[in-house]
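Open the model in your viewer and keep the sequence panel beside it. The stops below go from the whole chain to single residues.

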Amino acid sequence: MDVITPHIFSPFEPRQDNLTFGLELEFAIAYIPPNGQNPNPKDPRQVTGIVTGPRKTWIANLRKHVATTLRSAGISAVANSPYSDDPTRGTEPFWSVKHDDTIKGPQLEGHLFLPIEINSPPFYFGSDEPFREIETVCKVMKENYIISCNRSCGVHVHVGNGLQGFRYEAMQNLLAIIWTFEPQIETVHPLHRVNN
């Protein structure tokens with residue numbers, strides 16, 4: 001039997017307050033190829049042993065490694081292919097570790113980088129628990145991996161109303177606000193993302 005966490009959306013246990021949100025966190029993770037030398041062995045973050053076997057399996061290995069690291073910190077996580085065609089996508093009660101081909105790693109002497117995207121489960125608005133879980137995920141990633149967040153990376157926030165969708169009037173109001181205040185809204189984004 002699956003355990004449903006109260007702050008995570010479940011299509012099987014709907015609530016009156018179905019307003020939900022979810023995150024996509026995009027970044028690149030440093031690694032050392034098999035038999036490579038760690039240029040900074042005093043850094044406690046893991047760069048060796050993340051990828052093993054043939055090069056074509058490295059991204060899958062990294063997804064599994066990250067999911068295992070999150071689970072060891074008490075976060076429910078799975079490694080998924082971004083190309084899977086799962087009809088339940090977006091309703092899973094776990095963090096999903098994927099890769100994103102649009103993410104480009106930096107040139108850092110002695111390290112190579114692979115792209116990673118971590119998607120949160122859909123959370124209910126209205127409590128602090130989702131934010132504590134997001135903070136834990138970010139802390140675990142920062143403490144265990146060398147991470148790069150450059151211009152090819154981003155954070156996406158998805159807002160929903162459970163599985164019901166939004167009423168037409170609510171969408172009409174939202175679009176009117178966005179259209180009216182687009183210049184002001186764009187000021188929260190760095191310039192390189194405004195026309196992206």
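Start with the surface: the protein exposes about 12,500 Å², by the Shrake-Rupley method with a 1.4 Å probe, with only the protein chains shown counting as cover for residues. Carbon and sulfur atoms supply 56% of that area. This is a predicted model, where local features need pLDDT of at least 70, side-chain atom pairs count only at pLDDT 80 or more, and totals for chains, interfaces and linings use all residues. Residues are numbered from 1 along each chain as its sequence is written, and side-chain values use heavy atoms, leaving out hydrogens and water.

Colour by pLDDT, the predictor's confidence in each residue from 0 to 100. The protein's mean is 84, and 84% of its residues reach 70 or more. Confidence peaks in helix 2, at a mean of 95, and is lowest in helix 4 (residues 191-194), at 70.

Switch to cartoon. Four helices and seven strands appear, in the order β-α-β-β-β-β-α-β-β-α-α. Both kinds are DSSP runs numbered from the N terminus: helices are H or I, at least four residues; strands are E, at least two.

Select strand 3, residues 95-98. Which strands flank it? Strand 2 (residues 77-79) pairs with strand 3 in the parallel sense, over three bridges. Strand 4 (residues 112-119) pairs with strand 3 in the antiparallel sense, also over three bridges. Pairing requires at least two DSSP bridges. Click serine 96: valine 78 of strand 2 stands opposite, and so does asparagine 119 of strand 4.

Now show the side chains of strand 3. In a regular strand they alternate between the two faces of the sheet. Trp95 and Val97 lie on one side, Ser96 and Lys98 on the other, and all are buried (under 20% relative accessible area; exposed is over 50%, partly exposed in between; 1.4 Å probe, protein chains only).

Move to helix 1, residues 58-72. Its buried residues include Trp58, Leu62, Val66 and Leu70. Their cover includes strand 1 (19-31), strands 2, 3 and 4, and helix 2 (129-144), through contacts, meaning heavy atoms within 4.5 Å. After the helix comes glycine 74, with a positive phi near 90°.

Finish inside. A nonpolar core is a set of buried Ala, Val, Leu, Ile, Met, Phe, Trp, Tyr and Cys residues joined through side-chain atoms within 4.5 Å. The largest has 26 residues; Ile29, Val66, Leu70, Trp95, Ile118 and Met141 have the most contacts inside it. Strand 1 gives this core its largest share, six residues. Another core, of eight residues, lies apart from it; select Ala28, Ile32, Ile103 and Cys153 among them.

Methods:
The expected span of a helix is 1.5 Å times one less than its number of residues.
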